[in-house]
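Here is a walk through one protein model, taken a region at a time. Keep the sequence and the 3D view open as you read.

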Amino acid sequence: MAPLGTGDFGTLSTDYGPAAWVPANSSNYTVSSRESAYPINYIVIHTMQGSYAGSISWFQNAAAGTSAHYLLRSSDGAVTQMVRDKDIAWHAGNWTYNTQSIGIEHEGYVDSASWYTDAMYRSSAALTRFLCDKYGIPKTRNNIIGHNQVPGATHTDPGPNWNWTYYMQLVTGGTTPPPTTWSTVVDNTTAGRFTASANWSTSTYSAQRYGADYRYANPVAASDAAWYKVNIPATATYRVEVWYPAVAGYNTSTPYIVATTSGNQTVSVNQTANGGAWRSLGTFTLAAGDANKVGVSRWSGSTGYVIADAVRITRV
């Protein structure tokens with residue numbers, strides 16, 4: 001399934017302009033007339049434990065018995081509203097909090113920090129800031145809470161990988177977070193920026209690919225890396241993200257090499273899961289200059305093709 005975004009739907013939200021409107025099944029929420037029926041005092045932050053598209057589909061299913069007002073996509077921060085602000089979504093597991101809150105679901109899993117992208121943080125914070133201003137909700141951690149903070153909660157989301165400090169900085173604007181001053185994407189088809197030996201073949205098999213195609217090779221006990229060349233503007237800290245199509249049977253331990261100021265660092269990625277979106281390898285100090293900065297090695301102890309598709313480097 002292709003990823004869903006605002007442009008995929010013909011209807012936009014009347015509550016929040018940047019959001020698409022895709023209504024949840026009426027069996028999964030309570031029609032109300034907030035704020036006359038109930039005050040809106042809280043924003044509740046959730047992690048889906050699943051995908052954006054899958055959660056949209058689930059909330060449209062009458063059997064779900066659950067819903068949220070807004071859903072955020074990891075890769076680009078796209079927003080979909082599924083329950084009107086005036087109505088009561090079933091998201092908090094506590095009726096009093098359901099009646100007084102707006103629930104925001106974020107694509108991803110609590111045990112994987114890579115889902116919490118800067119694009120999603122910024123988009124979610126803009127939504128939360130808008131809702132706080134609209135309904136007079138204080139922009140504090142007493143009123144912007146995690147699902148785990150709801151009295152009686154059995155859920156742990158958004159989990160330990162959610163960066164509350166950064167998120168609240170974005171919401172309040174009290175402390176300006178580091179700006180995204182520079183970012184670049186290098187695809188396997190970017191002219192003069194990608195090199196690989198003849199052992200790397202080209203494929204268009206998966207629709208999750210970035211751009212027209214991607215490269216693949218069998219794992220061997222030798223590096224034979226495919227390299228992405230990037231012109232880094234200044235020695236500084238950068239976030240390195242990778243894009244690959246995830247297919248069952250691809251490699252579960254693909255080595256990505258990052259050329260840092262302290263030497264090459266290797267991060268292994270399971271390329272059978274979490275494909276078709278930007279996935280963070282972490283932050284690294286990269287030296288200024290035009291050179292090979294990220295590689296995909298064939299030296300894996302696992303079976304299945306190793307994939308080289310695209311990388312994104314962003315100064316943080």
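Where does P158 lie? P158 is in the loop between strand 8 (144-146) and helix 4 (164-172). Helices (H or I, at least four residues) and strands (E, at least two) are DSSP runs, numbered from the N terminus.

## Before going further

This is a predicted model, so local features need pLDDT of at least 70 and side-chain atom pairs count only at pLDDT 80 or more, while totals for chains, interfaces and linings use all residues. Residues are numbered from 1 along each chain as its sequence is written, and side-chain values use heavy atoms, with hydrogens and water left out.

## Two cis peptide bonds

Back to that loop: the peptide bond from D157 to P158 is cis, with omega near 10 degrees. Another cis bond runs from R34 to E35, with omega near 15 degrees. E35 sits in the loop between strand 2 (29-30) and strand 3 (42-47).

R34 also turns up around N98, a residue of helix 2 (residues 95-99). Skipping neighbours within four places in sequence, N98 is in contact (heavy atoms within 4.5 Å) with R34, I88, A89, W90, H91, A92 and G93. Is N98 buried or exposed? N98 has 5% relative accessibility, so it counts as buried. For these labels, buried means under 20% relative accessible area, exposed over 50%, and partly exposed in between (1.4 Å probe, protein chains only).

## Positive phi angles

Q49 isn't a glycine, yet its phi is positive, about 55 degrees. You'll find Q49 in the loop between strand 3 and helix 1 (52-59), partly exposed at a relative accessible area of 43%.

D224 is another non-glycine with a positive phi, about 40 degrees here. D224 belongs to the loop between strand 12 and strand 13, and is partly exposed with a relative accessible area of 23%.

## Helix 3

Does the length of this helix add up, and what span should one expect? The expected span is 1.5 Å times one less than the number of residues. Helix 3 (residues 118-135) has 18 residues and should therefore span 26 Å, which agrees with the 26 Å between its end C-alpha atoms.

Plenty to look at along this helix: its buried residues include M120, Y121, L127, L131 and Y135. Right after helix 3 comes G136, with a positive phi near 70 degrees.

## The nonpolar cores

A nonpolar core here is a set of buried Ala, Val, Leu, Ile, Met, Phe, Trp, Tyr and Cys residues joined through side-chain atoms within 4.5 Å. The largest one has 30 residues, and Y228, V240, Y256, L281, L286 and I313 touch the most other members. Among the strands that each supply at least two residues of this core are strand 13 (226-232), strand 14 (236-243) and strand 17 (279-286).

Take V240: leaving out residues up to four places away in sequence, V240 touches V258, R279, S280, L281, G282, F284, L286, V294, R312 and I313. A second, separate core has 28 residues, including Y16, L127, M168 and L170.

## A three-stranded sheet

Strands 11, 12 and 19 form an open antiparallel sheet of 3 strands, in the order 11-12-19. Strand 11 (201-203) and strand 19 each have a single partner strand, so each is left with one side lacking a neighbour in the sheet.

Two strands pair if DSSP finds at least two bridges between them. Strand 11 and strand 12 pair in the antiparallel sense over 3 bridges, and S203 has Y214 of strand 12 as its bridge partner.
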